[in-house]
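Morning, everyone. Please bring the model up on your screens. I'll take you through a few spots, one at a time.

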Amino acid sequence: MRKTEYARPRTWKKIIRFSLDVLAAILILCAVLCTFSSRFLLNTEAYKSVVITEEFDSAVIKSIEESIEASSSIVEIPSEVVLEAVDRNRLIAYCHEYTLSFIDAAIENKEFAPEPFQSDKLKDAIFKQMEEYSEVAVVTEEEANAVYEYTLENIQQTLTYIPKLILNAMPSAARILSALAITQKLEAVFYALAAVVIVSNFLFGKNGHLLDVFFGTSAAVWVALCTVEIPLLMVTLYNIPSRLALSKTTFYYLVKGVFDMLFARSALVFGIALAIATAALVIAVILITKKRKQQTREDKTERFYRVHFEKEE
């Protein structure tokens with residue numbers, strides 16, 4: 001039986017293949033980062049799903065109630081009356097619009113100028129409530145307007161919950177996000193370049209080294225993705241927002257949502273890519289192991305010797 005000879009690549013070929021493996025891993029890592037950036041980081045709707053939750057809505061109403069109750073000693077208007085007049089759903093809808101407008105302004109690098117909250121029924125409700133006070137004989141328009149303006153301003157300040165420190169820093173953050181918009185154009189380019197490098201690596205390896213190239217590329221991509229995924233998982237599990245000195249206010253849920261977007265969502269995206277790379281690496285290891293077992297069996301195959309017999313005359 002003829003022994004199968006397995007070609008061994010030369011040193012310079014190994015260096016080229018290794019370089020192509022590393023280049024493919026870097027390109028795929030950049031491509032996945034661009035995917036996350038374009039699909040999530042620069043997508044207002046993606047933030048909506050992580051920021052605006054039932055807990056967020058409950059925090060909006062709770063903040064309004066606490067604010068009104070805190071000022072009830074001044075205006076003497078029950079929070080139930082105010083909430084019924086302005087409509088809880090309108091309060092929540094305004095806070096949704098305010099939040100998404102803030103995020104959209106940061107992503108699009110434009111001025112953040114939310115519309116002021118208005119309520120036509122609030123003034124009537126305040127006027128009616130003041131007339132019911134036994135100690136007040138006649139409620140003047142000026143008195144009702146003063147209470148209305150104070151109450152509306154109180155609601156407005158509570159609804160526009162993002163601190164001025166954050167608002168003042170937004171232009172700088174907006175410029176950074178605007179610069180990241182280039183990732184939307186580079187996403188397809190990185191995937192295409194990675195495909196070209198991988199195909200070139202296989203062509204360079206030729207038939208005798210296809211499994212080695214497959215293993216090298218899979219391993220390089222796996223290591224690159226692990227380098228990013230492991231820190232992301234650690235930060236996500238640490239859950240920084242829960243450790244901040246913040247009460248469960250509307251602002252807390254904005255911080256939590258942004259944190260989840262930057263780390264939890266990115267960990268999910270890179271985790272999916274890592275799972276694919278892990279599957280490819282496992283397949284490569286199985287195939288190489290099978291190949292080496294076959295080579296070992298061939299090495300141990302019984303050798304045949306040619307014997308020449310001469311016929312006696």
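Start in the loop between α11 (210–238) and α12 (240–243), where Asn-239 sits. This is a predicted model, by the way. Asn-239 is not a glycine, yet its phi is positive, about 55°. Is Asn-239 buried or exposed? Its relative accessibility is 27%, so it counts as partly exposed.

Now go to Asp-87. This residue lies in the loop between α5 (79–86) and α6. Its phi is near 75°, again a positive value in a residue other than glycine. Asp-87 has 33% relative accessibility, so it also counts as partly exposed.

Next, the cysteines. How many disulfides are there? The count comes to zero. Take Cys-30: the nearest cysteine sulfur belongs to Cys-34, and it is 6.7 Å away. The cut-off for a disulfide is 2.5 Å, so Cys-30 is not in one. Cys-30 counts as partly exposed because its relative accessibility is 25%. Cys-226 is at 12%, so that one counts as buried.

Last stop, the second largest pocket. It holds about 500 Å³ of space. Its lining has 18 residues. Nearest the centre are Phe-102, Ile-166, Ala-173, Val-258 and Leu-262. Three elements give two or more residues each: α6 (88–108), α9 (164–180) and α13 (250–299). Which element gives the most? That is α13, with seven residues. And what classes of residue line this pocket? There are 18 nonpolar residues, no polar ones and no charged ones.

Methods
Residues numbered from 1 in each chain as written. Predicted model: local features only at pLDDT ≥ 70, side-chain atom pairs only at ≥ 80, totals over all residues. Heavy atoms only, no water. 1 Å grid on protein atoms, 1.4 Å probe; cavity = no way out; pocket = protein on both sides within 12 Å on 5 of 7 lines; lining within 4 Å. Points joined across faces, edges and corners; volume = space filled by probe spheres on them. Helix = DSSP H or I, 4+ residues; strand = E, 2+ residues; numbered from the N terminus. Nonpolar A, V, L, I, M, F, W, Y, C, P; charged D, E, K, R; others polar. Buried < 20%, exposed > 50% of the residue type's maximum accessible area, 1.4 Å probe, protein only.
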